[in-house]
Amino acid sequence: MPQAVEIIQKQKNSDQWDEPYLVNMGPQHPATHGVLRLFLELDGETIVRCDPRIGYLHRGVEKLSENLTYSQAMVLTDRLDYIASAANNVGYCLAVEKLMGLEVPRRAQIIRVIVCEMARIASHLLWLATHALDIGAMTVFLYCFRDREWLLDIFEEICGARLTVSYPRIGGVRLDFNQKIIDELYRFTEEFPRRIPEYETLIDVNRIWLKRTKGVGVISGEEAVNLGLTGPSLRGSGVRYDLRRTRPYLIYDELDFEVAVEYEGDVYSRYRVRMKEMREANKIIRQCLDKLAECEGEPVIAEEAPDLLIPFSKPKRPQPAPHPKKGFLVKSVEVPIVPEGEVYFAIEAPKGELGYYIVSDGSGHPWRVRIRAPSFVHISALPALSEGQMVADIIAVIGSVDIVLGECDR
Amino acid sequence: MSIVKTIFLTEIMKGLSLTLRKLFAKPVTIQYPEEKKPLAPGFRGRHALVRDPKTGKDRCVGCYRCAQVCPAKCILIETERDPETKARVVKRYEIDALRCIFCGYCEEVCPVNAIVLTEFYEYSGYSREELYFDKERLLQNWDEFIVTQKRPYFNPFWKPRGIPERKLPAGKRQAEGI
């Protein structure tokens, strides 16, 4: 692509506007949900080309984790999708546990499902709030933040932090729930289904909302699969793909919930999917709370779980010589902390499929971590979603694929 | 959408009636500087070194576990041997609060519960030095914090709920409130 400055100079000097009009959107734009820069090529008010530029929030999380031990690297995953940090933590811990072959106690598994679903509701509430605000409905924003605040208070009660929770740890969770948290969660699950109709009253049939969302950013199911969309963005196109059902982890196979699917593939159907998912997540939390009562008093950490303080490199242990007759030479042998090998584990994070690919060389730190972030893939699908749309619709499209730049740039 | 609904703006009227009802509901806003939200026990806020009520000093034994486990590497410890008693003395214990990411690993691994993240979040400074806590400042943080608390004070990370006792060091197993 030619330099933007050159083209603008050309356009200034010529009488005719034969070049397409270039608009730079972001990185400091309130509707890009972070620091996303879009390079738009316009023909009148229609988008001819959309070119996303990323990397403004790059912190090198993958590289940093190579210099930290497994438990230290977990706190970095908080900072990926900072809206649903509990889900990131759980995904990372599950990947490391798969590598180590750890079996997590049942109570810890149930607690992990609860915090994952709480993170899902919190993420979807923030998504609805900001998406509605972008399109022009401010009241929904305030109502959503009111309810999200309640969830963050529960997170604070659980682990002492509201946003960057760092709650799970390898082999379980750090603290058990107490009765106060369980009572509060029961009250939340009781009350929350009554709050969702409030948002729906405001926007679900509102004619402005419908005009801004219906038939905008349409993508067919096949194309969505080809682009690698996952999560609500894919299910809005009629593809029934949810890792909680297709490849169950934790205790999801015991739970009774529906996979929310809509078939139109536009912004409105993605909105409907997320609204349904909030209801289902609420149902899941309710079921898990009932299951939690069955295993009262059980430990929340596996017996073989590593200490929080894992040694960074392989410790050397003295090993006697293989043949005693050949002398008393004592050899020191490196003992692996985490078995050598590689592992990929993906969970259904609120935004989509969040995968961790970890390569271990046997020491206490990962040799390589690769994060398959849903937001990164969703941004790569933005051109396909927005080309041919009006310039005002790009805001609805960005909002509907639900991106977080912390996760995309990592 | 039927003609009647289109003309009478029914869905917009419904939305407006909801907001009108909310006008008379109890407000959820907290007028922050004047009124404050009660914090949950175990909130991970400003750092402090626990002042032992028996000795009047800090409890740190200089085992370096917190410095090792810290993902941000913001804890600096220096120890030396007392020439007379041969005991280990903590010479320097410093935390750079601006580097800290408040994961709470330090208070979880500490075998004697010497370090704690207090339930205090309103601290800011005009310079970096103000937020670089040395040992005296950390003990002072504790004194400032503990007077606002109900006694005995017990931090949940001193003895994490649901963790089997045999996985905890002796100091954590016998942890008591202050």
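## The largest pocket

In this predicted model, the largest pocket encloses about 1,300 Å³ of space. Its lining is made by 38 residues, and those closest to the centre of the pocket are Arg146(A), Glu149(A), Asp153(A), Val28(B) and Lys37(B). Sorted by character, the lining residues divide into 19 nonpolar, 17 charged and two polar.

Which helices each supply at least two residues of this lining? They are helix H6 (138–159) and helix H7 (179–203) of chain A, together with helix H2 (10–23) of chain B. The largest share comes from H6(A), which gives 14 residues to the lining.

## Salt bridges within chain A

Over all chains, the structure holds 55 salt bridges. One of them joins the side chains of Glu190(A) and Arg286(A), with a distance of 2.8 Å from N to O. Because Glu190(A) lies in helix H7 of chain A and Arg286(A) in helix H12 (residues 267–294) of chain A, this pair ties together parts that are 96 residues apart in sequence. Glu190(A) has a relative accessibility of 44% and therefore counts as partly exposed, and Arg286(A), at 30%, counts as partly exposed as well.

Another salt bridge is formed by the side chains of Asp78(A) and Arg79(A), where the distance from N to O is 3.6 Å. Is Asp78(A) buried or exposed? Its relative accessibility is 0%, so Asp78(A) counts as buried, given that buried means under 20% relative accessible area.

## A salt bridge between the chains, and a network

The side chains of Arg166(B) and Glu303(A) also meet in a salt bridge, at 2.7 Å from N to O. This pair crosses between chains: Arg166(B) sits in the loop between helix H5 (135–146) and helix H6 (170–173) of chain B, while Glu303(A) sits in the loop between H12 and strand S6 (316–320) of chain A. With a relative accessibility of 60%, Arg166(B) counts as exposed, whereas Glu303(A), at 42%, counts as partly exposed.

Some salt bridges share partners, and in this way Glu117(A), Arg120(A), Arg235(A), Asp242(A), Arg244(A), Glu277(A) and Glu348(A) are joined into one network.

## A nonpolar patch on chain B

On the surface, Ile3(B), Val4(B), Ile7(B) and Phe8(B) make a nonpolar patch of about 460 Å². Of these residues, Phe8(B) lies in helix H1 of chain B, which covers residues 3–8. Phe8(B) counts as exposed because its relative accessibility is 56%, and the cut-off for exposed is over 50%.

## Unusual backbone geometry

Where in chain B does a cis peptide bond occur? It joins Arg151(B) and Pro152(B), and its omega angle is about -5°. Pro152(B) belongs to the loop between H5 and H6 of chain B, and Arg166(B), described above for its salt bridge to Glu303(A), is found in the loop between these helices too.

In chain A, Ser166(A) has a positive phi of about 50°, although this residue is not a glycine. Ser166(A) is placed in the loop between H6 and strand S4 (168–169) of chain A, and its relative accessible area of 2% means that it is buried. Asp402(A), which is likewise not a glycine, has a positive phi of about 55°. The loop that holds Asp402(A) runs between helix H15 (393–401) and helix H16 (405–409) of chain A, and at 5% relative accessibility Asp402(A) counts as buried.

Key. Residues are numbered from 1 along each chain as its sequence is written. Chains are lettered from A and ligands numbered from 1 in the order in which they are written. This is a predicted model: local features need pLDDT of at least 70, side-chain atom pairs count only at pLDDT 80 or more; totals for chains, interfaces and linings use all residues. Side-chain values use heavy atoms; hydrogens and water are left out. Patches are made of residues with over 30% relative accessible area and no salt bridge: like charges are joined within 9 Å, nonpolar side chains (Val, Leu, Ile, Met, Phe, Trp, Tyr) within 5 Å. Accessible areas come from the Shrake-Rupley method with a 1.4 Å probe; for residues, only the protein chains shown count as cover. A salt bridge is a side-chain nitrogen of Lys or Arg within 4 Å of a carboxyl oxygen of Asp or Glu. Helices (H or I, at least four residues) and strands (E, at least two) are DSSP runs, numbered from the N terminus. Buried means under 20% relative accessible area, exposed over 50%, partly exposed in between (1.4 Å probe, protein chains only). On a 1 Å grid over the protein atoms alone, a cavity is a set of points where a 1.4 Å probe fits but cannot get out, and a pocket is an open set with protein on both sides within 12 Å along at least five of seven lines; lining residues have an atom within 4 Å of a point. Grid points are joined across faces, edges and corners, and a volume is the space filled by probe spheres set on the points. Ala, Val, Leu, Ile, Met, Phe, Trp, Tyr, Cys and Pro count as nonpolar, Asp, Glu, Lys and Arg as charged, and the others, Gly among them, as polar.
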